[in-house]
Amino acid sequence: MLLGIDVGGTYTDAVVVSGGKVLAQAKAPTTHDDLLHGILDALDRVLAGVDAAGIRRVALSTTIVTNAVVEGRLERAGLLLLPGPGMDISSLVPERPWLLSGYIDHRGRETAPPDEAEVAVACRGLADCEVFAVAGKFAVRNPAHEQAVAAWLRRYAAPAHITLGSAVAGSLNFWRRANSAYYNAATWRHFGRFARAAQAAVAGRGVTAPLYILKADGGTMPLTTAGERPVEAVFTGPAASVLGIMALAAPRGEAVSLDIGGTTTDIALWRDGAPLFAERGAKIGDYPTAVRSFWLRSIGVGGDSFVRREGGRIAVGPERRGPAMALGGPVPTVSDAMIVAGAADFGDKDKAGEAMRLTAADGESVQDTARAVLGAAADAIYAAIENMIDERAAEPVYRVEDAVRDRRPQPAALVGVGGAAEGLAPLVAERLGVCCTVPAGAMVANAVGAAVARPTIEVTLRADTAQGYYTVAELGLRSALPSRRFGLADARELAARHLAERAAAAGIPVADVESVYDEEFNLVRGFSTTGKIIACRLQIKPGVFAVEEGA
Amino acid sequence: MAVKPFGLVFFPAFDWALTPTHPEREERLLYTRDQIVEEGLLDMPGIREYKPRLATLRDADRVHIGVPDIASHITDAHLVSAGGAITAAEAVIKGEVARAFALVRPPGHHAMRVVHGTRGFCTINIEAVMVEHLRRHHGVRRVAIVDTDVHHGDGTQDIFYHDPDTLFISFHQDGRTLYPGSGFTDEAGSPPAIGATINLPLPPGTTDEGLHYVLDNLILPVLEDFRPDIVINSAGQDNHYSDPLANMAITAQGYASLAAKLKADVAVLEGGYSIEDALPYVNTGIILAMAGLDYSRVVEPDIAAAPRGLTGGARAYLRELVAKQTALWRDREPLGNAAAAKAGDFWTRRRGIYYDDSGISEQQVEKLRLCPHCHGYLTVASEAEGHRCGYQSAFAAVVPREPCPTCRQGAKDAVLAAKRQGKYRHYIIQDKENDSLERV
Ligand SMILES: [Zn+2]
Ligand SMILES: [Zn+2]
C-alpha cells in the first residue's frame, strides 16, 4: 500500500492506494501555522481502517517551501557569485551578491583563477550568515571554482550548509542556477526541521515505511535527499494533480488536463501520456530558477469564483468572495450556476436559484443565466488553453528540421479533475471539439498523485574529446575520458552508469531510464576535425506506479 | 513594462553546413548559444525570443533572379534564415519590440541580384529579402543598411545600386587585401542613386578607435541626414581581432558600443568565424547594447592579445576617407546629374562575377534606363560558365516600384526582343510593382 498526502490551501487530503485503487481517503483542515498538525490529523483519519504496517511508502506533497518563500520566512543566505566577463546579474538575484574573481569559459577551461583573499573578505562581510550559496558561470562545465570557494568558506566561516549552483542543476543558465542555489540555501534549515519532525511523527504512528517528498517535476525524493535539495519541493501541489491525472486517466496522444478547484483552474498540456515540461525551469516569485517543473498555467476560474454582470456581460472571477450562496456564501458563484444547471448536487438549491436571479438579465430565466455563467467560465478556460497552445507553437527552434516540420499542437482529449470538474470540463471540451473524461477519484487526485509518484533523478554528461575530459554536473564530477574515440553511444552508457550511482546514493530504484536530450558537434579547427563535443541528459522517467512496485 | 522589450530571433541552424569542415558549419553558433543561455539572456524580462518563420519563394523572387530559378539553389535553411530576419523586422514594425536582432545562419550579404550559385557562403540575400518584404507588406520606403561585416557587402550593394531610397553604407577591410575584392570609394551607385552607396575601405589592423572615428564622423551624420524609415545593421562580426578569415582588430566592446551608437532597428547576423574566442562575447555585447542593458563587463578572456591604438598613417588615411565620402554625400545631387548627362538615355556596366563557393564565372551586362519620371527599368544579361550543367544564361528585365508607363512597356519589350534573338536560355521579367516574377 502507498500512502499519499497533499497539503492544499483549504484541506489536507490523505489516501491509501493499492493496485491502482484508492482503498481509503480522508480530509482534515490544513493548519497553516503548523502544517504538520493538519498532516497528522489527515494521516490518523486515513489510517483508521488500515494496517499501518502494510504501508510501504509515504509521499508528501506540501507547500512548506513555497510558503516559506511567499511568506518571506527565508533564512538569509550569503550569495557568492563568480560571474566572469559577461552580463552583470547583481541586481537580478534575490540577495545582494558578493562578486568574486575567477572565470571558467564555455569549454570548462579556467581563464582566470579565483582568489582566496576575496572569499576571506566576503566571510567577514557575511559574518551573520550560516548558510551560503555559491554559483559560478559555466560551473556545470567545470565545478572546480565553486568547490574551491566552498572549501575557503569552510576555512573562514562556520557554514551550517553550502549549496553549489552546479549541484542544483546540470543545465546551462547561470542566472537560474544562482537563484536556485540561493533559494535552496535559504529554505534548507526550515525544510530540514519540518522533514525531521514529519519523519518522527509518522514513525510514531507505527508507519515504518520511508517518507518521500514530491518534486515540482512530479518525481519524488527520499526525505533524506530532500534535506539537501529543498528547492525542488516548490510548486508540488499542481505537480501532484498532474500525477493524479496520470494515475487515474492518463490521456493518450495530445491532450489537455484541467484541475478545476475552488478559486483556480490549473491547465496542463500532454503528449503521449506525459505532461509537457516548462522549457527552462520554474519561477519563484520574480526569479527564474533551474528547478524542473511541469508546464502549467493557472487561471482565476473555479467553483467559488465570484459571478456578476459587468456592462451587461457576465463576468467570472478571478476574485473569490466566499463559498457558493448555496453553502451560505455572500455572492453568486460558479458553483451556484452548476447547482441550478443540474451539473452539481449540494447545498441549498433555493439559495443557488436566488444567486442566479441576482445575476439574470431582464426577463432571463435562472436556467438560462446558469448556462450563460458556465459558458462564460468555460470560455475563459478555453481561451487560456488556446493561448498556451499558441505559446507552445511559438517556442523557438534551433534546427532547420524543426523549423520546417513546425506544427501547432492539437489536443484530441480533455481530462478534468477537481471539485468543479463535473460542471465545467465537458463545456470546455465541447469548445475544443474533443471528448472529455472526469475520472472517479477526481476529488482527491492530488493525494493520489503524491501516493503513486515515482522517484526520479537525472544526470547531465558533457564530453569534450578534444580536451579529453567529461563532466557530470549534478555529481560535481570532472574526469578524464576513457578514450579519444568516444561517441554519443559511449556517452549515454557512461551517463547511465553515473545515473545508477546517483540513484543508489539517493535510495532510488533504477527503472525506466530515458534520454531527455542529446547533442553532438564536431570541433573543427583549421579545416580538420579535432574532436567532438557531446552532451546528453538521462533521467529516471517521472511518472506513476501503475501497480505497486518495489518502492 | 513601460519600456518596450528587445526582440531576438536566435536560429543557429544546428543541422546545416555548407560542408563538414567549412567555416559555415553546424558548430558556428554553438558557443554563442552556450554563452547566451548561460548568461540567462533569453530569460531577461526585457528580452523576448521569437521563433523564425519560413520565408517563401515569392519573398526570394521579389529580390533575386535565380538561374534557372531560385528554388534550385536554396535549401530550407535559407528560407528559415531569411524568414528569421523577416520575423525580427516585423516584431519591430508591429511595435512589439523596440529593436530586434536576427542572430541567424546561413548569411546572405554576398548574394547578388542574379543568382547562379553560392558565393561567399551566401545564396540569397537575407537582408534584401527582409527589406523588400517590409516594402511590400508594411509600407516601408526609405531604408538605411549599415554593413559592419569585415567583408564588403557586395551583394547588398548590387541589389540596391540603382535605388535612391536605400542608403547602403559598408565599412570593411580594404578590398585589395580581402574577399570579395570590391567596395572602393568609386562604387557610389548608378546615376539616379549616386551617394546612396557609400563604401569605407579600412586598412588592415584597424582598431576600435579607428572604427569609431568613421562611425562618429561619417556614418552617424549621414544616417541622420538621410532620415530613413528604418535602420538595418548587416551585423557581421569578423572584424574581431581573433577572426581567422580577416586581419582587423575590433573587440567585443568596440562592437557593442558600435551597436549602442548605431541604434539600428533591426540587426541581422552576417559573418564572424572566430567561433570560440569572439562570437560568444561579441554577440552577447551586441544583444545587451541593443537591448539598452549594461554591456561594460563583456570582455574577451584573451583581451590582452588585442592590438591597440592606431598608427599615424592609418589616422591620416581615415581622416581623408571621411572627408572624401562626406563630400560625396554632400554633392550627391550634382554628381548624379553630371553622371546622368554623361550616360545619356541608358547607363551601362559590364562586369565579371566569380562564385567562389560554386566555381562559377558569370559575365553580366546591366542597362538602366535613366528615366525622368521613375527609377527606370533595368535589364540584365547574364552568362555563366562552370555550373554543374555547364553553361547557363538568362536575360531579365526589372520593372521598378512605381514605374512610368514607358518604363513598364520598355522592360517587357526588351525581354521580348531578346527572346526573338534567342541568345539566352531563360527570359525573365521581375515586376516590383505587381510583385511578380514571370518567365517569358
Ligand atoms: Zn564577412
Ligand atoms: Zn520611367
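1. Helices here are DSSP runs of H or I with at least four residues, strands are runs of E with at least two, and both are numbered from the N terminus. With that in mind, the model under discussion is a predicted one, and the points below take up the cis peptide bonds of chain B, the positive phi angles of chain A and a sheet in chain B.

2. In the loop of chain B that lies between β3 (65-66) and α3 (76-93), one finds B:P68, and the peptide bond that joins B:V67 to this proline is cis, with an omega of about 0°.

3. A cis peptide bond also leads from B:R105 to B:P106, where omega is near 0°; the loop that holds B:P106 runs between β4 (99-104) and β5 (114-115) of chain B.

4. Turning to chain A, the backbone at A:F138 deserves a look, since this residue is not a glycine and yet has a positive phi, near 60°. A:F138 sits in the loop between β9 (131-136) and α4 (144-156) of chain A, and because its relative accessible area is 0%, under the 20% limit, it counts as buried.

5. A:D272, which is likewise not a glycine, has a positive phi of about 50°, and its place is the loop between β14 (265-271) and β15 (274-275) of chain A. Is A:D272 buried or exposed? Its relative accessibility is 61%, which is over 50%, and therefore A:D272 is classed as exposed.

6. In chain B, six strands form an open sheet in the order β11-β12-β13-β14-β15-β16, and their pairing is mixed. The edges are taken by β11 (346-355) and β16 (436-439) of chain B, and because each of these has a single partner strand, one side of each remains without a neighbour in the sheet. With direction ignored, neighbouring strands of this sheet are turned against each other by 15° on average.

7. At the β16 edge, which strand is joined to β16(B) by four bridges? The partner is β15 (residues 426-431) of chain B, and the two strands run antiparallel; within this pairing, B:D431 stands opposite B:S436, which belongs to β16(B).

8. Helix α11 (residues 405-421) of chain B packs on this sheet, where it touches β12 (360-369), β13 (378-387), β14 (390-399) and β15 of chain B. The direction of α11 makes an angle of about 160° with that of β14(B).

Key. Residues are numbered from 1 along each chain as its sequence is written. Chains are lettered from A and ligands numbered from 1 in the order in which they are written. This is a predicted model: local features need pLDDT of at least 70, side-chain atom pairs count only at pLDDT 80 or more; totals for chains, interfaces and linings use all residues. Side-chain values use heavy atoms; hydrogens and water are left out. Two strands pair if DSSP finds at least two bridges between them. Axes are lines fitted to C-alpha atoms, for helices over the stretch in contact, and angles run from 0 to 180 degrees between N-to-C directions. Contact means heavy atoms within 4.5 Å. Buried means under 20% relative accessible area, exposed over 50%, partly exposed in between (1.4 Å probe, protein chains only).
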